[in-house]
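Q: Can you walk me through this model? I'd like to go one piece at a time.

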Protein chains: 2
Amino acid sequence: MKLSKKNLAQRLDHVYDAIVVGGGAGGLSAAIYLQRYLLSSLVIEKGRGRSFWMQDLRNYLGLPPDTPGRVMLKQGHDHLLSLEGDYLMGFVEEVRDEGDTFAVKVKVGKQESIYPVFRAKYLIAASGIIDNLPQLENMQNVFDYAGYNLHVCMICDGYEMANKRCGLFASSEGQINTAFVLNWFTPYLTVFTHGLFEVSEAMRQKLKDHGYQLVETPIKQFLGDKHEMNGVELVDGSTIALETGLVAMGSHYYNEYLQGLDLEWKGGNLVTDNMCRTSHPRIFALGDLKEGINQVSIAVSDGTLAATAIWREIRRASPPRLWQDNLIKTEPS
Amino acid sequence: MKLSKKNLAQRLDHVYDAIVVGGGAGGLSAAIYLQRYLLSSLVIEKGRGRSFWMQDLRNYLGLPPDTPGRVMLKQGHDHLLSLEGDYLMGFVEEVRDEGDTFAVKVKVGKQESIYPVFRAKYLIAASGIIDNLPQLENMQNVFDYAGYNLHVCMICDGYEMANKRCGLFASSEGQINTAFVLNWFTPYLTVFTHGLFEVSEAMRQKLKDHGYQLVETPIKQFLGDKHEMNGVELVDGSTIALETGLVAMGSHYYNEYLQGLDLEWKGGNLVTDNMCRTSHPRIFALGDLKEGINQVSIAVSDGTLAATAIWREIRRASPPRLWQDNLIKTEPS
């Protein structure tokens, strides 16, 4: 059921089979599977994750390619509630390993916040990432285009950028290397540093050798109309025409609540086995938080794997269910 | 585009980047990704695979739980054609490894068949499996219930069987062990051997200890109405009431066309790495054909992985695309 400040007290004595941190594609898929395995799960979603911002989910089998990410999430949310899974809007502040259970402290409510603690046997970390965006004075100007034709994922949207004049927005020299992959889709590339870092001579030469432009003047604003970005205005007043853009400025990982736990990391990503189990036997990690490709399809599959591994473990540790009527009947009366 | 006898000659000189054998969830996902990576793909579908028969796709994120498998497949088929992927109804008879390419011989048309040969750099084996069903004199009687409340996949439909009187239909003693997993969902189990095999004393005792019934008389027919099976009539005229059933009689693997190739197998499954690559560097295997859990979500993710691995390899072997206009402009005139 949908939990809120009003009714969550009912669940404070319950030990869930699994608490899922994050109600994106991976977390919802995991919880739907858990409920269908007759296990109990709670999804805790802070809102506005990466897939929420996607305007068109163009490469997920079964949905029309113009399906917004939030429509998929709403469907999954409703699906979960129909299976009697629990769902709470809140922000996971801390997870404490108590041995047999995890204690998960959640901030609920932006005003007059309360801090309930829920418990579960297993923890599924599905809190994902969010892409860093260019920081402009007017952030609404960025939000007007990000997720439309100002993309954040080349695998998702390279196709939409094909042979277009494309801006690549980087915040470090390493990220400029994205240009030499993005050129599979389009060679008409202009790299913007937004004045954030120095570019080495070697990189300048490499860009020049490819014919790609380099713009180091900070950006004043994106230009365009109705979520269709068509260029950039720099702080010096000059403008550069574009047809599309890719932001490659790194990501923020929502993994703060995991920092106190003994887990194996590779950069910002959790290392997992082929069932999405981390180095902690009762913690699983899904989707963008773990190593691998950041795609909805993969997060959904990860949810299947983690839920199945948890089910197998709980099932194997449980006594078998007997058909008592038959046992009684076969005994001598 | 949709290929048929009439127009397929147009593609006989083309070398596809990848030919995908099987237009189920995995194959369609792979081809959609390939097209979006600006690669060329051909999906060859024989029709009526496992997901085509599913009446309700109850655990795939983003689709309402009453979505039939065939609706997902139709959506994927249309999606692929919108991306200019090729799709052909036909049966792959043989694949020959020619070194840099594969030659894929297809039987097209049940009457007046023709046998065109298509070529591709990579092969994606996504031809899946089909569940063996009880062989009754009147097979239509089986088809009336299979995929409705006579299930073939416990992970998919265990939830629907919860606490119901359930028939388990086995064709070997090993398959009877499914009862001791299925009892997670329901203990009201009756095992049917359909007279196909002998049951050991040890297994008889184990079933008895759990209170599960064993029926060794062959089945005459399933009983029920409007795709709702409610029991079984045996050849001796007796009947047994049921509320649901699970067929666990093994599967047929559609892998005959792969038999001549040097591939590593584990039972009927292909061994693959974490990008779904088989032991042959240019052959990938997806979904039910490879090791792992047979689920739509996993097949879809496998398609993402295989297509991405192929794209990376083709991209890295290709010369970089330069922005020629800028190169000309920066040279002295």
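**Sheet, helices and dimer contact**

A: Let's start with a strand pair: β9(A) and strand β16 (residues 244-248) of chain A run parallel, joined over two bridges. Strands here are DSSP E runs of at least two residues and helices are H or I runs of at least four, numbered from the N terminus; two strands pair if DSSP finds at least two bridges between them. This is a predicted model, where local features need pLDDT of at least 70, side-chain atom pairs count only at pLDDT 80 or more, and totals for chains, interfaces and linings use all residues. Residues are numbered from 1 along each chain as its sequence is written, while chains are lettered from A and ligands numbered from 1 in the order in which they are written.

Q: Which residue of β16(A) is the bridge partner of L150(A)?
A: L150(A) has G245(A) as its bridge partner.

Q: What packs on the sheet there?
A: Helix α5 (residues 154-161) of chain A does, touching β9, β10 (166-170) and β16 of chain A. The direction of α5 makes about 160° with that of β16(A). That angle is between N-to-C directions, on a scale from 0 to 180 degrees, with axes fitted to C-alpha atoms (for helices, over the stretch in contact).

Q: What pairs with β16(A) over five bridges?
A: β10(A), again in the parallel sense. One of the bridge pairs is L168(A) with L246(A).

Q: And the whole sheet, what's the strand order?
A: It's an open sheet of five strands, β9-β16-β10-β11-β12 (chain A), with parallel pairing. β9 (150-151) and β12 (213-215) of chain A are the edge strands, each pairing on one side only.

Q: Is β16(A) mostly covered or uncovered?
A: Mostly covered, as five of its five residues are buried. Buried means 20 or more other C-beta atoms within 10 Å of the residue's own, exposed means 12 or fewer, and partly exposed is in between, with C-beta atoms placed from the backbone. Both faces are covered: T244(A), L246(A) and A248(A) are on one side, G245(A) and V247(A) on the other.

Q: Switching topic, how are the two chains related?
A: Chain A lays on chain B with an RMSD of 0.0 Å after a turn of 180° and a shift of 0.0 Å along the axis. That's the relation of a two-fold axis. The copies are superposed by least squares on C-alpha atoms of residues with pLDDT of at least 70 in both.

Q: Which C-alpha of chain A is nearest the axis?
A: That of S301(A), 3.0 Å from the axis.

Q: How many residues does the contact take from each chain?
A: 51 residues from chain A and 50 residues from chain B. Contact means C-beta atoms, placed from the backbone, within 7 Å.

Q: Which element gives the largest share on the chain A side?
A: α9(A), with seven residues.

Q: What about the makeup of that side?
A: The chain A side divides into 28 nonpolar, 18 polar and five charged residues. Nonpolar covers Ala, Val, Leu, Ile, Met, Phe, Trp, Tyr, Cys and Pro, charged covers Asp, Glu, Lys and Arg, and the others, Gly among them, count as polar.

Q: Last one: where is H77(B) found?
A: In helix α3 (residues 69-82) of chain B. H77(B) has 19 C-beta neighbours inside 10 Å, so it counts as partly exposed. Leaving aside neighbours within four places in sequence, H77(B) is in contact with G23(B), L28(B) and Y87(B).

How values were computed: Two residues are in contact if their C-beta atoms, placed from the backbone, lie within 7 Å.
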